[in-house]
Amino acid sequence: MNFDHIIIGAGSAGCVLAHRLVRAGRRVLLLEAGPTHEHPFVRMPAAFVRVIGTERSWDYASEPQPHANGRRMHVPQGRMLGGGSSLNAMVYIRGQAADYDSWRDAGCTGWGWSDVLPAFVRAESNERYAGPLHGRDGPLQVSEPRFRHPLSAAFVAAAQQAGLPANPDFNGTEQAGVGFYQSTTFRGERGSTAATYLAAVRRDERLAVRTGVHVRRILVEAGRAVGVEFTEAGQLQQVRCAQDVLLSAGALASPQLLMLSGIGPGEDLHKLGIPVHADSQGVGQNYQDHLEVSVYARTRRPISLLGQDQGLRALRHGLQWQLLRSGLLTSNVVESGGFVDTLGTGRPDVQFHVLPVLVGDVEREPLPGHGLSINPCFLRPQSRGTVSLRSPDPAHPILFDAGALRVQADVDTLVRGVKLARRILRAPALAEVVEHELLPGAEATLSDAQIEAHVRSHAKTVYHPAGTCRMGGDATSVVDTHLRVRGVAGLRVCDASVMPTLPSGNTNAPTIMLAERCAEFVLQAA
Ligand SMILES: Cc1cc2nc3c(=O)[nH]c(=O)nc-3n(C[C@H](O)[C@H](O)[C@H](O)COP(=O)(O)OP(=O)(O)OC[C@H]3O[C@@H](n4cnc5c(N)ncnc54)[C@H](O)[C@@H]3O)c2cc1C
């Protein structure tokens, strides 16, 4: 087939682009390095943790981080149809109107809240909410929780006892408050962009989807992107297209692919022997991520999720999900949380992700026994990191400095978040079920220095890497406000990498919004 477009990466953004372009009559080739999303642990919302570390995830590891006690940041990413939307915790959050207004004010003309809201609404099919802020018939299914764990409910009650307002809709007129998250699920199953957007066009003859295809570089001829080079089953191949190449490989792979293709800091590329097509200093700069730190507490009774994935209990949950699409396996685990303005600026600066179990991370096994984890995370980090190439070989891992906790203000935000989490832990609804706090410590009062030590030793990713191919109106930005790569024609980047700053919340819905808008730009350009 002759293709109009090649999309690199079938993740959150790539599947949205494929849907919109095919529906508009374009012939599209969608290339994905990983396998399909067809796996029971991908479909069952509560099982996603089991997918991390398999062939369906990438494990990116940063250089040791000096401001995080020399620890590496491990940042798993989705590697299958649907990308991150097939691996994520499905929390549906758009961010704050002021996030997008600040994009606009920083030079991203056309990206203020009133510009992006129609794309959020067009994408969405909300099970519960309607009105000017919500969509009812978009491809992306957004649902109310079908299962509410008692520990999640106890957090929501305790947070209100600690003085925070209840908020039934974090994507409504007000983000602040606590409650249960809506999730990108439908009928008790994960609603990734592969299961929604892509599934709707999968049989369209204008679309070709190829999995197990590792793109090595974009082919640039006379200043124009004309196709891509990739390996499939060990064979090196090339394919060309008539119109734009769309790069949607995610915030860690997209800058890598640009640099491998000769688009990036000219001197660095030259040193690696890569011919330079565009000297773009911003490629790989401006890396940002949301970090969180857990406050752990032991429960009096064995009521957490621990052990629910074993033996007869696992069988019972599996059968219930299989037959009725109800029960614990429909849970996105991160069921409850909220947004708090801890500094009194009028905008929440901390988000809580609450898990009804003691969670570990790539570095550490979970603490033993039953308990819960209250994870405050900062919403607008000031720290920045970088992504660059170690070598011109596409098979080599990137050189990745996460910049974790580099700016003291980010640490201070987490310290305030931890203090508030500890206060919520001691409010009656949780005090009733909690035996004692495990970390940062059981004492009623801890000094800021003690809490900061906990932050530096335990802060970890919320899996929201972004910013490495920054969009902007200025000449140093990597892409312009229509997501076109500066210096090379026929090439756009569309994924979380173009975000100039992180939105205040989870990044899947904002990435989908970006892709909705990118499809508009591509079609308008015709
Ligand atoms: C474990 C986890 C939990 C998360 N939880 C939430 C949550 O609850 N709510 C939320 O809103 N967000 C969450 N996120 C974040 C959200 O999912 C991401 O921000 C979003 O998926 C990013 O989309 P993207 O299109 O930028 O990249 P991705 O979705 O990562 O897509 C990139 C795709 O490109 C492919 N690719 C990469 N390199 C190549 C190559 N060389 N050749 C071919 N293909 C390639 C990848 O395999 C991948 O499929 C979570 C993420 C993770 C990993």
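A residue counts as buried when its relative accessible area is under 20%, as exposed when that area is over 50%, and as partly exposed in between. Keep that handy for the exercises below, and remember that this is a predicted model.

**Exercise 1. Work out whether arginine 94 and its salt-bridge partner are buried or exposed.**

Step 1: Find the partner. Arginine 94 pairs with glutamate 124, and their closest N and O atoms are 2.6 Å apart.

Step 2: Place the two ends. Glutamate 124 sits in strand β5 (residues 124-126), while arginine 94 is in the loop between β4 (74-78) and α3 (97-105), so the bridge ties together parts that are 30 residues apart in sequence.

Step 3: Apply the cut-off. Arginine 94 has 1% relative accessibility, so it counts as buried. Glutamate 124 comes in at 0%, so it is buried as well.

**Exercise 2. Take the salt bridges of arginine 148 and arginine 484, and classify each partner by its accessibility.**

Step 1: Start with arginine 148. It forms a salt bridge with glutamate 144, with 3.6 Å between the closest N and O atoms.

Step 2: Check the areas. Arginine 148 has a relative accessible area of 43%, which makes it partly exposed. Glutamate 144 has 16%, so it goes down as buried.

Step 3: Now do arginine 484. Its side chain meets that of aspartate 480 in a salt bridge, at 2.8 Å from N to O.

Step 4: Check those areas too. Arginine 484 is partly exposed at 39%, and aspartate 480 is buried at 15%.

Step 5: Look for a network. Arg20, Arg122, Glu516 and Glu520 are joined into one by salt bridges that share partners. The structure holds 30 salt bridges.

**Exercise 3. Say which residues of helix α4 are buried, and what covers them.**

Step 1: Go to residues 113-123, which make up α4, and pick out the buried ones: Trp113, Val116, Leu117, Ala119, Phe120 and Ala123.

Step 2: Bring in the helix geometry. An α-helix has 3.6 residues a turn, so residues three or four places apart point the same way.

Step 3: Find the cover. It includes α3, β5 and β6 (140-142), along with α6 (194-198) and α13 (508-525).

**Exercise 4. Describe the surroundings of threonine 413.**

Step 1: Locate the residue. Threonine 413 belongs to helix α10, which runs over residues 408-425.

Step 2: Classify it. With 11% relative accessibility, threonine 413 counts as buried.

Step 3: List its contacts. Setting aside neighbours within four places in sequence, threonine 413 touches Asp349, Val350 and Phe378.

Step 4: Add a distance. Proline 376 is 37 residues away from threonine 413 along the chain, and their C-alpha atoms are separated by 9.1 Å.

**Exercise 5. Decide how the radius of gyration of the protein chain fits that of a compact globule, then fill in the overall picture.**

Step 1: Compare the values. For 526 residues a compact globule would have a radius of gyration near 24 Å, and the chain has 22 Å, which agrees.

Step 2: Add the dimensions. The C-alpha trace spans about 70 × 50 × 45 Å along its principal axes.

Step 3: Note the make-up. The chain has 13 helices and 26 strands, and 60% of its 526 residues count as buried.

Step 4: Look at the contacts. Of those with a separation of 6 or more, 68% are between residues 24 or more positions apart.

Step 5: Finish with surface and charge. About 19600 Å² is exposed, with carbon and sulfur atoms supplying 52% of it. The mean positions of the 52 positive and 50 negative charges lie 4 Å apart.

Technical notes
Residues numbered from 1 in each chain as written. Predicted model: local features only at pLDDT ≥ 70, side-chain atom pairs only at ≥ 80, totals over all residues. Heavy atoms only, no water. Helix = DSSP H or I, 4+ residues; strand = E, 2+ residues; numbered from the N terminus. Rg over C-alpha atoms; globule rule 2.2 N^0.38 Å. Buried < 20%, exposed > 50% of the residue type's maximum accessible area, 1.4 Å probe, protein only. Contact = heavy atoms within 4.5 Å. Areas by Shrake-Rupley, 256 points an atom, 1.4 Å probe, with all protein chains shown as cover. Lys, Arg positive; Asp, Glu negative; His and termini not counted. Charge placed at Lys NZ, Arg CZ, Asp CG, Glu CD. Salt bridge = Lys/Arg side-chain N within 4 Å of Asp/Glu carboxyl O.
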